[in-house]
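Here are some short exercises on charged side chains, each with a worked solution. Have your viewer ready and try each task before reading on.

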Amino acid sequence: MSSTTKTREVWSSRTVFLAAAIGSAIGLGNIWRFPYIAYENGGGAFLIPYVIALVTGGISMLFFDYAIGHRFRGAPPLAFRRISKHTEVLGWVQTLVTFFISVYYMAILAWAGYYTYYSITLAWGDDPEAFFLNEFLQLDGSSVFTGGYLPGLTLVLGGIWLVLLFVMSKGVEHGVGKVSKIAVPLLIVLFLAITVRAVFLPGAAQGLNTFFAPDWSALLKPSVWMAGYGQIFYSLAVGFGIMLTQASYLKRRTDVTTTAWTVGFANSSFEVLAGIGVFSVLGYMAMSSGQEVGEVVSSGIGLAFIAFPKIISLMPGGALFGVLFFGSLFLAGFTSMFSVIEVPISAAMDKFGWARRKAVILVGGFAALVSVALFPTTTGLGTLDIMDKFINVFGIVAIALVTLVIVGWGLRMFPVLSRHLDAISTIRTRGWWVGAVGVVTPIVLAVTLVGDTRELLINPYGGYTATQLLVYGWGLAVVIWVGSFILSRLPWAQGTQFEAPAEFAFDLKKTAQMDAGRTHDFDAEVAQHGKEGE
């Protein structure tokens, strides 16, 4: 057995893993994306395609990621190398996707941290949009890179990176696990406080009626169903290495499928909670300004850093509400970042045999340098927007589709993974899972990829210049895919074992017993080796 297998860290319990997994799933998209997507796609009626997408797309992909991570015991490059030497490159694509997500995601955390402080004095004044774009970011939206750094933002971003990397250096249990056990419950409590305050605002009922009022005709539109799947994939962070890497630290005997259902529904419950809070506040804003709710609805950065400051300035006790809101935004992003940056760190540890501290310093430090070099600048917002769009299309969607087709069907891993899950879990996969993850999900991903690619080729994204899109969009896509082929050709650390650990091969044992019509007390088997999980 390799040193990689012997020394691999493990979560001390399923509770710690759940805290980390839920923390990685609950992120910025839950707060600033889901409410708008639901409103735009049928309101209350959207919950039908959303729940169906959760089960057939989100949960099924969680099963896929968890099964590979748990069975093959590695970050994406090692896990896929253990499946086949030809699929290591897929693991590196996932790794580079998460690396670049971490680079720009942290910039938004720096904004949220700043705005938590700004909320105390309502520093954005009477025109939050002009303040955010012209004073805070000093935006230059047409240049590729001006080199115009914002000193305060640079220091804040660098400081957040230092805190993050310190936590990562402590390991998955003593660093990520301990912080997640505190931060995730705190995040939920904070947002519950926000929601309770919001629903008692004047006009909140109008906002909630707008959010939940069902437009049943929307269910006849294919775009609404695609939006449901898109939100689930975006929110749960499935298919690009995050959940796979987390599962690689699970103990030998873990109820993986029950864990996946718990994570999936916890994430979706928080999204609905976010929708209630956001639309209650938007209802108050509409009433205060004499507008309809539909006229003040927005999403993403515009909702968080422009619309909400306007509302905070209007409402009684707005300063406290602002601190809670932007503090929640910061916590949601920070807990997600643990699992994002862990993927390239873990991949480097596996590939080169580095100790965790060395991997954190080299990989995490490099990510921090790129982040600080690009984003606390006058061109940072445009760079972030372009990178996010192209990574979502040519990184997340593309690699999830390619992986399912090549690994699932080409290498016939769906039956192997299904048997592995059934051998260790309470909720069985047989009868529905392969159809969901092997047929429904690839079709949805393929339609999304083709549609988004066509749109990017026909219309310049966001009105940005051709040079901006070439450098931060198309160029980034090339770097990810070409870089992955190069990394897959580098030699592995001496002694790396490319056969999956035998003690995790539950699928073969279980299959033989099923075929023979016999049963087996796996709990008794585990007890002989000591208690290995909750």
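**Exercise 1.** Is K351 buried or exposed? Find its salt-bridge partner as well.

*Solution.* Keep in mind that this is a predicted model.
- Step 1: The relative accessible area of K351 is 0%. Buried means under 20%, so K351 is buried.
- Step 2: Its side chain meets that of E88 in a salt bridge, at 2.8 Å from N to O.
- Step 3: E88 lies in helix α7 (residues 88-121) and K351 in helix α17 (residues 318-352), so this salt bridge ties together parts 263 residues apart in sequence.
- Step 4: E88 is buried too, at 2% relative accessibility.

**Exercise 2.** Work out which residues are linked with R356 in a network of salt bridges.

*Solution.*
- Step 1: Start from E9, which pairs with R356; their closest N and O atoms are 2.8 Å apart. E9 sits in the loop between α1 (3-6) and α2 (14-25), while R356 belongs to helix α18 (residues 356-374), 347 residues away.
- Step 2: R356 also forms a salt bridge with E342, again with a closest N and O separation of 2.8 Å. Here helix α18 is linked to helix α17, through residues 14 apart.
- Step 3: Putting these together, E9, E342 and R356 make up the network.

**Exercise 3.** Which class of accessibility does each member of that network have?

*Solution.*
- Step 1: R356, at 9% relative accessible area, is buried.
- Step 2: E342 is buried as well, at 5%.
- Step 3: E9 has 22% and is partly exposed.

As a final check, your tally of salt bridges in the structure should come to three.

How values were computed. Residues are numbered from 1 along each chain as its sequence is written. This is a predicted model: local features need pLDDT of at least 70, side-chain atom pairs count only at pLDDT 80 or more; totals for chains, interfaces and linings use all residues. Side-chain values use heavy atoms; hydrogens and water are left out. A salt bridge is a side-chain nitrogen of Lys or Arg within 4 Å of a carboxyl oxygen of Asp or Glu. Helices (H or I, at least four residues) and strands (E, at least two) are DSSP runs, numbered from the N terminus. Buried means under 20% relative accessible area, exposed over 50%, partly exposed in between (1.4 Å probe, protein chains only).
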